[in-house]
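Work through the following exercises with the sequence and the model side by side. Each task is followed by a solution that goes step by step.

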Amino acid sequence: MTVLGIETSCDETSAAVVRDGREVLSCVVHTQMQHVPFGGVVPELASRCHIRLLPGIVAQAVDESGVGWKGIDCIAATRGPGLASSLLVGWSFAKGAALATGLPLVAVNHVEAHLHSVFLDPAAPDPAECFPRVGLAVSGGHTNLFSLPEPGKIELLGRTVDDAAGEALDKAAKLLGLGYPGGPVVDKRARGRTPRLGIFPEGNVRDGALVPGLDPELCTSFSGLKTALLVHVRNNPPQDDDQISQLCCDYQEAVVGALVRRCERAIAKTGARTLAVGGGVSLNSRLRAALSNSCGRLSVRLLLALPRHCGDNAAMIAGLAGTGRGIPPPDSFGLEIAPSWPVSDR
Ligand code: KG4
Ligand code: ZN
């Protein structure tokens, strides 16, 4: 099955064509840069940009796939979670395109698609051979840990109660005057340094009432980390560039440590032999190294997305739909966007 995917949940405008859930025939991603001066995504600017660019990006993806519209069997688009005004553009476009072409329309969950992004690497194993597994989706908008015990089953194990990991890195960079988005800058500045441990808290969730039905040990709270940085900088203002870089390293280590420990706990709890990690923060070099270390020690297979599939992209949307996941017709056409759509079995 060859699927055209459309992704507009935040500030990336993307379209892709993927065959049988794995083979990326084309993937066009436009990352909107007009938000940089604002230090974060401005929803109205994002949706206006999606409206302007999406038709051309879809045409380019179909063209570059080499199969043309005649070779497409299905249209899949992100229905949620994400920014409402951004989701509306891609989801409405996909409905229109499906009506005009007579192709089936599939509603895809963006967070679940991040978990699938690891399988877009031709070197990755067959997803069917990777059960039971633990999945971590970690980006500027999400920090979610899942158990995937068998095909068609997915269960939320943990989540952040406040900021996502990427958001925590973005806010730290902003506070240190390093610009936006902060994750890549913090990563670069921290490289080659030894973290000082214990300066920043790990981000534990102490009150189980905040995460009903979930194990607090598998959840995170990163907002206190940002406050700790604020207090630290107020009491010990960094004197030079070198001290700022050291703070980046210490802070990043707190975020990475929290994520790795939760993955380790989820693996112990579920008995999973595979860990799959996707999302923009999975580009982080320290996180990749720490996960690789941890999985090596535990003899767990680690699957990381290719760098080009870590951030938001439509190949993961088309890919996930190509494995049979998502909501197909006749239900799909009646669906609205779902800005807080949780991942579920269906
Ligand atoms: O998946 P993504 O493109 O969009 C969302 O769905 O949020 O992720 C963007 C996030 C931002 O917070 C950005 O700072 C972070 O991913 N990020 C990184 C790195 N590259 C991007 N965080 C840490 N290290 C990186 N190298
Ligand atoms: Zn995302």
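**Exercise 1: Backbone outliers**

Task: state whether S299 is buried or exposed, and describe its backbone and place in the chain.

Solution. S299 is exposed, its relative accessible area being 57%, where exposed means over 50%, buried under 20% and partly exposed in between, computed with a 1.4 Å probe on protein chains only. Its phi is positive, at about 55°, although S299 is not a glycine. As to its place, S299 sits in the loop between helix 8 and strand 10 (301-304); helices (H or I, at least four residues) and strands (E, at least two) are DSSP runs numbered from the N terminus.

D20 is another non-glycine residue with a positive phi, near 50°, and it lies in the loop between strand 2 (12-19) and strand 3 (23-31). With a relative accessible area of 47%, D20 counts as partly exposed.

Before going on, note that this is a predicted model, in which local features need pLDDT of at least 70 and side-chain atom pairs count only at pLDDT 80 or more, while totals for chains, interfaces and linings use all residues. Residues are numbered from 1 along each chain as its sequence is written, chains are lettered from A and ligands numbered from 1 in the order in which they are written, and side-chain values use heavy atoms, without hydrogens and water.

**Exercise 2: The zinc site**

Task: find which residues coordinate the zinc ion (ligand 2), and explain how H110 and H114 are placed relative to each other.

Solution. Begin with the donors, which are N, O and S atoms within 2.8 Å of the metal (3.2 Å for Na, K and Ca); water is not among the atoms, so sites may look incomplete. The zinc ion (ligand 2) is held by H110 through NE2, H114 through NE2 and D312 through OD, at 2.1 to 2.2 Å. Along the chain these donors follow the spacing H-x3-H-x197-D.

Next, consider the helix: because H110 and H114 are 4 residues apart in helix 3 (residues 110-116), about one helical turn separates them. Both histidines are buried, H110 at 1% relative accessibility and H114 at 0%.

Finally, look at the angles, which run from 92 to 141° among the 4 donor atoms, so that the site is classed as irregular. Four donors count as tetrahedral if all angles lie between 85 and 135 degrees; four count as square planar and six as octahedral if opposite donors are over 155 degrees apart and all others between 65 and 115; anything else is irregular.

**Exercise 3: Ligand 1**

Task: state how many residues surround ligand 1, and which backbone atom of G183 or G280 lies at 3.0 Å from it.

Solution. Ligand 1 is surrounded by 19 residues, the closest being G140, D170, G183, D187 and G280, where a residue counts if one of its heavy atoms lies within 4 Å. A backbone N or O atom of G183 is 3.0 Å from an oxygen atom of ligand 1, and a backbone N or O atom of G280 also lies 3.0 Å from an oxygen atom of ligand 1. Taken alone, ligand 1 exposes 560 Å², of which the protein buries 88%; these areas come from the Shrake-Rupley method with a 1.4 Å probe.

**Exercise 4: Cis peptide bonds**

Task: locate the cis peptide bond that involves P81.

Solution. The cis bond joins G80 and P81, with omega about -10°, and P81 is in the loop between strand 4 (74-80) and helix 2 (84-101).

Conventions. Polar contact = N/O pair within 3.5 Å; in protein donor to acceptor, adjacent residues only side chain to side chain.
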